[in-house]
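Hi,

Here is the structure I said I would pass on. Have a look at it first, and my notes come right after.

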Amino acid sequence: MSTIMTTPVRPVVRADERREIRVAVHAGDPLVLAGLRSALGAGPGITLRDDPATADVLVAVAGNEPHRIPAGPARLVLVADKPNQAELWAAVERGLAVVVARSEATPGRLLRAVADAHAGRGDLPADQLGSLLRGISRLHKEVLEPRELTLSGLSPRETEVLRLLAEGFDTGEIARRVAYSDRTVKNILHGLLSRFGLRNRTHVVAYALREGLI
């Protein structure tokens with residue numbers, strides 16, 4: 001009787017699942033800081049970093065001065081009871097992804113929050129999300145709208161020019177469709193290229209589509 005030899009099947013692991021998450025910690029109280037570092041450093045797949053600029057995720061405890069939370073490329077997990085509007089906005093400016101209540105900040109909960117933030121999943125309590133949305137609405141009405149800007153960072157005419165460019169129209173055709181001069185359309189495109197650090201028209205269309213601006 002013949003024996004069939006088989007090769008064990010190994011599970012396929014995506015690159016982002018194999019990669020360790022680099023985590024930095026910020027807290028004003030040295031004891032709290034040490035406790036967070038101890039709790040997170042013991043987690044599987046976690047590498048602690050001292051510099052938030054080299055981290056994927058920053059875990060910060062809200063204090064009396066939210067603006068002191070380091071800014072950088074890391075996504076932010078904020079540990080706070082009930083952050084006020086100023087704290088929420090300061091956290092948003094620093095890449096807020098997840099808010100964890102102090103009473104729930106166990107090692108397991110923090111590790112889940114880090115994983116969610118790293119994967120791009122947001123998690124805010126309902127009341128804080130409502131406060132944030134009301135603030136965004138007020139920002140739009142009081143600050144952006146009077147300056148002919150939208151929450152995307154584009155003006156309505158910039159958005160229209162980008163949409164037409166993405167549909168394949170050239171400068172002259174766009175100018176005729178939106179009733180601008182050729183020079184105005186060129187100035188709008190030049191402004192977009194300069195603002196976002198892009199190379200050419202193809203690049204600006206690709207960027208706008210990738211970021212969901214149009």
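Below is what I found, starting with the whole chain and then going into helix packing and a few single residues.

One thing to keep in mind from the start: this is a predicted model.

**The chain as a whole**

The protein chain has nine helices and five strands. If you walk along the sequence, they come in the order α-β-α-β-β-β-α-β-α-α-α-α-α-α. There are 214 residues, and 36% of them count as buried. The accessible surface adds up to about 13300 Å², with 52% of that belonging to carbon and sulfur atoms. As for contacts between residues at least 6 apart in sequence, 51% of them join residues at least 24 apart.

**Helix 2 on helix 4**

Two packed helices are described by the angle between their axes and the distance between the axes. Take helix 2 (residues 30-41) and helix 4 (residues 107-118): their axes cross at roughly 70° and come within 9 Å of each other. That crossing angle is why I'd call the two helices roughly perpendicular. Helix 2 brings Leu 36, Ala 39 and Leu 40 to the contact, while helix 4 brings Pro 107, Leu 110, Leu 111 and Val 114. Sorted by class, that makes seven nonpolar residues, with no polar and no charged ones.

**Helix 8 and its two partners**

Now for helix 8 (residues 182-196), which packs on helix 6 and on helix 9.

Start with helix 6 (residues 156-166). Its axis is 10 Å from that of helix 8, and the packing angle is about 95°, so these two are roughly perpendicular as well. On the helix 6 side you'll find Arg 157, Glu 158, Val 161, Leu 162 and Leu 165; they meet Thr 184, Val 185, Ile 188, Leu 189, Leu 192 and Arg 195 of helix 8. This contact has seven nonpolar residues, one polar and three charged.

What about helix 9 (residues 201-210)? Its axis and that of helix 8 come within 10 Å, crossing at roughly 65°. Helix 8 and helix 9 are therefore roughly perpendicular too, and helix 8 passes helix 9 in a left-handed crossing. From helix 8, the residues in this contact are Lys 186, Leu 189, Leu 192, Leu 193 and Phe 196, and they meet Arg 201, Val 204 and Tyr 207 of helix 9. By class there are six nonpolar and two charged residues here, and no polar ones.

If you compare the two lists, Leu 189 and Leu 192 turn up in both: they meet helix 6 and they meet helix 9.

**Around helix 7**

Where does Phe 169 sit? You'll find it in the loop between helix 6 and helix 7. With a relative accessibility of 19%, Phe 169 counts as buried. Beyond its neighbours up to four places away in sequence, Phe 169 touches Leu 164, Ile 174 and Arg 177.

Thr 171 belongs to helix 7 (residues 171-178). Is Thr 171 buried or exposed? It is buried, at a relative accessible area of 9%. Setting aside neighbours within four places in sequence, the contacts of Thr 171 are Asp 182, Val 185, Lys 186 and Arg 201.

The loop between helix 7 and helix 8 holds two residues I'd point you to: Ala 179 and Tyr 180. Most residues other than glycine have a negative phi. Ala 179 goes the other way, with a positive phi near 60°. Ala 179 is also exposed, at 67% relative accessibility. Tyr 180 counts as partly exposed, at 28%. Tyr 180 is in contact with Arg 157, Ala 175, Val 185 and Ile 188, again leaving out neighbours within four places in sequence. Arg 157 is 23 residues from Tyr 180 along the chain, and their C-alpha atoms are separated by 9.9 Å.

**A glycine between strands**

Last stop: Gly 72, in the loop between strand 3 (57-61) and strand 4 (75-79). Gly 72 is partly exposed, with 38% relative accessibility. From Gly 72 to Ala 55 the C-alpha to C-alpha distance is 8.6 Å, and the two are 17 residues apart in sequence.

Cheers

Methods:
Residues are numbered from 1 along each chain as its sequence is written. This is a predicted model: local features need pLDDT of at least 70, side-chain atom pairs count only at pLDDT 80 or more; totals for chains, interfaces and linings use all residues. Side-chain values use heavy atoms; hydrogens and water are left out. Axes are lines fitted to C-alpha atoms, for helices over the stretch in contact, and angles run from 0 to 180 degrees between N-to-C directions. Helices (H or I, at least four residues) and strands (E, at least two) are DSSP runs, numbered from the N terminus. Angles under 35 degrees count as roughly parallel, over 145 as roughly antiparallel, 65 to 115 as roughly perpendicular and the rest as oblique. A crossing is left-handed if the near helix is turned anticlockwise from the far one by less than a right angle, and right-handed if clockwise. Contact means heavy atoms within 4.5 Å. Ala, Val, Leu, Ile, Met, Phe, Trp, Tyr, Cys and Pro count as nonpolar, Asp, Glu, Lys and Arg as charged, and the others, Gly among them, as polar. Buried means under 20% relative accessible area, exposed over 50%, partly exposed in between (1.4 Å probe, protein chains only). Accessible areas come from the Shrake-Rupley method with a 1.4 Å probe; for residues, only the protein chains shown count as cover.
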